[in-house]
Every structure is written in structure tokens, then in C-alpha cells.
Amino acid sequence: MKKGIENYQVGDLFDQFLLIKSVSKGVTSTGKPFLTIMLQDHTGDIESKLWDSSAEDEKAYVPEQIVKVIGDITSYRGKAQLKIKQIRPVTEQDGVSVDEFVETAPIPQDEMIDVITQAIFEMENPNIQRITRHLVKKHQKAFLEFPAATKNHHEFVSGLAFHVVSMLRLAKSIAELYPSLDTDLLYAGVILHDLGKTSELSGPVAPNYTMEGNLLGHISIMFGEIGDAARELGIDSEEVIILQHMVLSHHSKAEWGSPKPPLVCEAEILHYIDNIDAKMNMMDRALSKVQPGEFTDRIFPLENRSFYKPAFEQKEPAASKS
């Protein structure tokens, strides 16, 4: 691709291929149908509108479809938007593939699985180690490919494993400062806390919530899987309940999705580690899109704040660091 979508400015003419990330139907105040299409490439995404859409358009423009788009970059409520003039599905003659349009984790998958495997290898409690290893092995392919979310943080291919690797490194540093922490439990909580997203989400590219994800959610899914794994491995001990508690409580509050608050020291630390890594990823990615001396767009999960990049800051943000 000649130029990523994030490099276009308001007023630019856009004429490139993009991948459809999501589509939703709407109706104008005058009763005319339209589609809101979220488009992406490897640099970012942009919202677009296809006005006066037809039933054929609804069939043609679906998530994971690559399209050729011609339009104008406009601004709507302070955010860039693509006003579509022409759009068509890609053909074989265009010679483009999905791989060209997706953002991926900055660390290779084999390097990430080595970090995760090493953390499991270092566990001394056999019950915690066996359950963690069993579930990682069961979901390894999806674990290494899926995003950690559909939006907000680590919402790219292999984002889930990248999130876990970053959290493991945080956990190791914190455990060195506070040796009273049980590292077996903390590492297992880090590795398992979001593993249910391999069932909650539909896949690594343009993911949506599955039926299971909508009805149960990743926390409940992994709670059940830990119990199933323990029964399969013949483990009936307190560690099983504590591991389930780590997963159940990692969002900390009921209004954030946890049915129980953290009631074990390692569960409290797991919540903070998860929070730090998710928020750093949001800030790093937003700040990577602005120049020194500029503010980011408002970030809704961070209390709708805009973050400022100091004018003296000339270094690249840390988002791509391993």
C-alpha cells in the first residue's frame, strides 16, 4: 500500500483498498437506509457512510471483505470520516490479500509462546502448573492469533498473546519487589485471565462476539474451563477454586464485569497489572498518531480524556517495543 489510512488528513482525496472491519445498518430521519462501515488497514481504521444503500450493498459489504474505495476525508464531531464516492468489492485481478490490511503484534508468535512456556515451566505448584499448561495447549493456536478485544486495547492480530506477555513481564518485576507474592498463582492468573476470549470472539481478523461470548462472556467461559480441566486431570484441591477466583475477579468490580471483587492478594495485583497494560496500550497507540505538541483524540475508556504529547518529546512511543 502506498499510504496508510492514518496518514491521510481532512480534505485529502482517498483512493485505496481497505478491509471492512464492521458494518451496521441505519435509517436517516427521512427514512432512507444507509450503512456505517468501519474500514481498516495496517495503520488504523476510519468510519465511513454509504448513503442510500441497497439490499445488494448489505450482501456485498460484510466484515473481512476487501474493498476499493474512492472518497473524501472529512471531519465529523472532531473525528476523521471517509465520505464514500465509489466503492466496490475486490477482485482477483486486484492482487491484494487480507494480510496486507491487518495490524499485528510487534513480537513474533514463536517468541511469545517461548515467554509463556517459560513462565509455566518455572511454576513449582504441580496443580497450578498442570491446569495452566493443559488450557494453553488446548487453545494455543487461537491464543497466539486472536486479539485481546474488539476495540480499546490490543485489538489486533496476536494482541491477546502480546497482552499476556507484557503482563508476565510486569508480574515478574512486581514479584521481585514483593517476594510474599505467590508467583505460580500470579503467572497462572495472567496467562488464563483472558484465555476465554478465544471462545468469546469470532476470530483474529475483524472479530465479533460469538453467541457464547454474548451470552456467557470470557470470564464465565474460562471459569468453567478451569473446572473442566481440573476434573479431566483428576485435580480436586483448593488451587482450582483460587484459579477460578483469579479469573472471576480480574475486572475487580461488578460494574466492570467481575461477579466477585479480588479477595486474594495475587488477584488484586492481577487486576492492577491488567489495568496498567491495557491503559498503556491505549495511550501508546493514541500518542503514536499525533505529533509532539498535539493532543490525541478523546479516549472513551480513559474517562474520555485527550492526552498531550510534550513538544520536547521526539522519540517514537513505546507501543512497538518488545
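**Helix packing in a predicted model**

Reader: Are helix 3 and helix 5 roughly parallel or roughly antiparallel to each other?
Author: In this predicted model, helix 3 and helix 5 pack with their axes 10 Å apart. Their angle is about 20°, and therefore helix 3 and helix 5 are roughly parallel (under 35 degrees; over 145 is roughly antiparallel, 65 to 115 roughly perpendicular, the rest oblique).

Reader: Nice start! Which residues of helix 5 meet helix 3?
Author: Helices here are DSSP runs (H or I, at least four residues), numbered from the N terminus. From helix 3, the residues in contact (heavy atoms within 4.5 Å) are Ile128, Thr132, Leu135, Val136 and Phe143. Facing them in helix 5 are Asp184, Leu185, Ala188, Ile191 and Leu192.

Reader: At roughly what angle do the axes of helix 4 and helix 5 cross?
Author: Helix 4 covers residues 159-177 and helix 5 residues 183-192. Helix 4 and helix 5 are roughly antiparallel to each other. Their axes (lines fitted to C-alpha atoms over the stretch in contact, with angles from 0 to 180 degrees between N-to-C directions) come within 9 Å and cross at roughly 160°.

Reader: And which residues of helix 5 meet helix 4?
Author: Helix 4 brings Val164, Met167, Leu168, Ala171, Lys172 and Ala175 to this contact. Ile191, which also meets helix 3, is one of the helix 5 residues here. The helix 5 list is Thr183, Leu186, Tyr187, Val190 and Ile191.

Reader: How do helix 2 and helix 3 fit in, and which residues of helix 2 make their contact?
Author: The axes of helix 2 (residues 109-121) and helix 3 (residues 126-145) come within 11 Å and cross at roughly 170°. That makes helix 2 roughly antiparallel to helix 3. Helix 3 contributes Gln129, Thr132, Arg133, Val136, Gln140, Phe143, Leu144 and Glu145. From helix 2 come Gln109, Ile113, Ile116, Ile120 and Phe121.

Reader: What pLDDT do local features need, and what do side-chain atom pairs need?
Author: Residues are numbered from 1 along each chain as its sequence is written, and side-chain values use heavy atoms, leaving out hydrogens and water. Totals for chains, interfaces and linings use all residues, while local features need pLDDT of at least 70 and side-chain atom pairs count only at pLDDT 80 or more.

Methods
Helices (H or I, at least four residues) and strands (E, at least two) are DSSP runs, numbered from the N terminus.
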